[in-house]
Amino acid sequence: MNEMTTVTEAGKATANRPQPRPGVLDIAPYVPGKSKGSHGKTVHKLSSNETPLGTSDAARAAIEAVARNLELYPDGSSAELRAAIGEVYGLNPDRIICGAGSDEVLSLIAYGYLGQGDEAIYSEHGFLVYDIAIRAAGATPVIAPEKDLTTDVDAILERVTDKTRMVFIANPNNPTGTYLPFEEVKRLHEGLPANVLLVLDAAYAEYVRRNDYESGLELAATSDNVIMTRTFSKIYGLANLRLGWGFGPAHVIDALNRIRGPFNVNGMAIAAGMAAVRDRDFVTRSIEHNDTWLPWVTAELEKLGLKVTPSVGNFVLVHFPDEDGKRAADADAYLLERGCVLRMVGNYGLPNSIRMTIGSEDANRAIIGHLKDFLEQK
Ligand SMILES: *Cc1c(COP(=O)(O)O)cnc(C)c1O
């Protein structure tokens, strides 16, 4: 028996090789949205909540300038970027940390504050990066059921124990598109012990048009145990560069700065982020696009007889009649055949549903047209 056979026989004869920490192999690897249709071509990619408006020209120009000096290390503290974010959002830059996507910031929070024996709570259909970050840190995820596909504050509070160290909320949540009003977020915060860190992931905050919504800036500014995360991947159209940030109490930011990689954000991301965050016209156009097409897509899907969860983000969750997920899977396959890539969300406990990002006018009309044909053919 050679080495190869020994190694590939999973679970057997593995004692003589390096072992990951307990829990690592329990992690279900993150499955990103597909990017190609069934014939290898993509007509419309609406699987990862990317913006249909591309990237700010100013951000693109900033990248080109940095690309001339790739041999130089970036500023490890992202100081100018933090200053630009602080200026636009009215925040103290010392209380901001930048990361390679908000995914990195979420992981840093988990590594900094969770370990073996600790529990961290997230909600039933919450963003799956939390599950990965919690387990990767060696801690135990605790899942709170939702009501009407919405985070349920009482269900979370009921699950707090002596071991709870963290609560993750995506607000608005992906993949459901639902949100918690500020009053509910405050009620959650007030119900948590002071040693529990509340993580408010506001990846879609810019898209929300509700008077009772607050992204988390206010609680993170005024509490000792709240951190808010934001991303440049969605409305700013910089997903490919990997850039996100967190805003929290000085003592939390200090801890995270100690464990992050010394040059965790690259120079092109820093430069592009600075330009993008200052290009408010680009952001306004993106919001207007969503304000036009989110209601249109929702109404058209409903006209087709499909149920749509009311969304405040740049995506909608569409429900197909309950047939053990077969109808949703068939619709997904039908769209993929036509180069239209949406997102199946069975791994979020939603086997009968598909998530669709709000795309360009062409994309939105194409998907509605194909779904109409799909539903009529049976
Ligand atoms: C897309 C998304 C993010 C952003 O992740 P990045 O690592 O910044 O690209 C964070 N949280 C949620 C809920 C998201 O949907």
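Helices here are DSSP runs of H or I with at least four residues, strands are runs of E with at least two, and both are numbered from the N terminus. Please keep in mind that every view below shows a predicted model.

**Figure 1. The whole chain, with its 13 helices and 13 strands.** Welcome to the overview. The radius of gyration is 21 Å, close to the 21 Å that the globule rule gives for 378 residues, so the chain is as compact as a globular protein of that length. Along the principal axes, the C-alpha atoms fill a box of roughly 60 × 60 × 50 Å. Of the 378 residues, 54% count as buried. Among contacts with a separation of 6 or more, 74% are between residues 24 or more positions apart. The accessible surface comes to about 17000 Å², and carbon and sulfur atoms hold 52% of it.

**Figure 2. The open sheet of 7 strands.** Follow the strands in the order β2-β8-β7-β6-β5-β3-β4 and you will find mixed pairing. The edges belong to β2 and β4; each has a single partner strand, so one side of each is left without a neighbour in the sheet. On average, and ignoring direction, neighbouring strands of this sheet are turned by 20 degrees against each other. Helix α4 (101-113) lies across β2, β5, β6, β7 and β8, and runs at about 155 degrees to β7.

**Figure 3. A closer look at β2, β8 and β7.** Strand β8 (residues 244-247) pairs with β2 in the antiparallel sense over 4 bridges. In that pairing, C98 has W245 of β8 as its bridge partner. Strand β7 (residues 226-231) also pairs with β8 in the antiparallel sense, over 4 bridges, and here T229 stands opposite G246. A useful reminder for reading the side chains: in a regular strand they alternate between the two faces of the sheet. In β2 (residues 96-99), I96 and C98 point one way while I97 and G99 point the other way. All four of these residues are buried.

**Figure 4. Helix α5 (residues 129-136) and its surroundings.** This helix is mostly covered, with 6 of its 8 residues buried. Those buried residues are V129, Y130, D131, A133, I134 and A136. As general background, an α-helix has 3.6 residues a turn, so residues three or four places apart point the same way. The packing partners of the buried residues of α5 are helix α4 and strands β3 (119-123), β4 (140-144), β5 (164-170) and β6. After the helix comes G138, with a positive phi near 90 degrees.

**Figure 5. E206 in the loop between β6 (197-201) and α8.** Is the residue E206 buried or exposed? Its relative accessibility is 12%, and the cut-off for buried is under 20%, so E206 counts as buried. The side chains of E206 and Y89 are joined by a polar contact of 2.8 Å. With neighbours within four places in sequence left aside, E206 is in contact with Y89, R230, I235, Y236 and I287.

**Figure 6. T222 in helix α8 (residues 217-222).** At 64% relative accessibility T222 counts as exposed, the cut-off being over 50%. A polar atom of the T222 side chain lies 2.8 Å from the backbone oxygen of E218. Another residue to look for in this view is P249: T222 and P249 are 27 residues apart in sequence, and their C-alpha atoms are 8.0 Å apart in space.

**Figure 7. The open sheet of 4 strands, with helix α12 packed on it.** The order is β9-β10-β13-β12, and the pairing is antiparallel. β9 (307-309) and β12 (343-345) stand at the edges, each with a single partner strand, so one side of each is left without a neighbour in the sheet. Neighbouring strands are turned by 35 degrees against each other on average, direction ignored. Strand β10 (residues 315-319) pairs with β9 in the antiparallel sense over 3 bridges, and L317 in β10 is the bridge partner of T309. Helix α12 (residues 326-337) packs on the sheet, where it touches β12 and β13 (350-357). The direction of α12 makes about 35 degrees with that of β13.

Note on methods
Residues numbered from 1 in each chain as written. Predicted model: local features only at pLDDT ≥ 70, side-chain atom pairs only at ≥ 80, totals over all residues. Heavy atoms only, no water. Pairing = 2+ DSSP bridges. Axes fitted to C-alpha atoms, helices over the stretch in contact; angles between N-to-C directions. Contact = heavy atoms within 4.5 Å. Buried < 20%, exposed > 50% of the residue type's maximum accessible area, 1.4 Å probe, protein only. Polar contact = N/O pair within 3.5 Å; in protein donor to acceptor, adjacent residues only side chain to side chain. Rg over C-alpha atoms; globule rule 2.2 N^0.38 Å. Areas by Shrake-Rupley, 256 points an atom, 1.4 Å probe, with all protein chains shown as cover.
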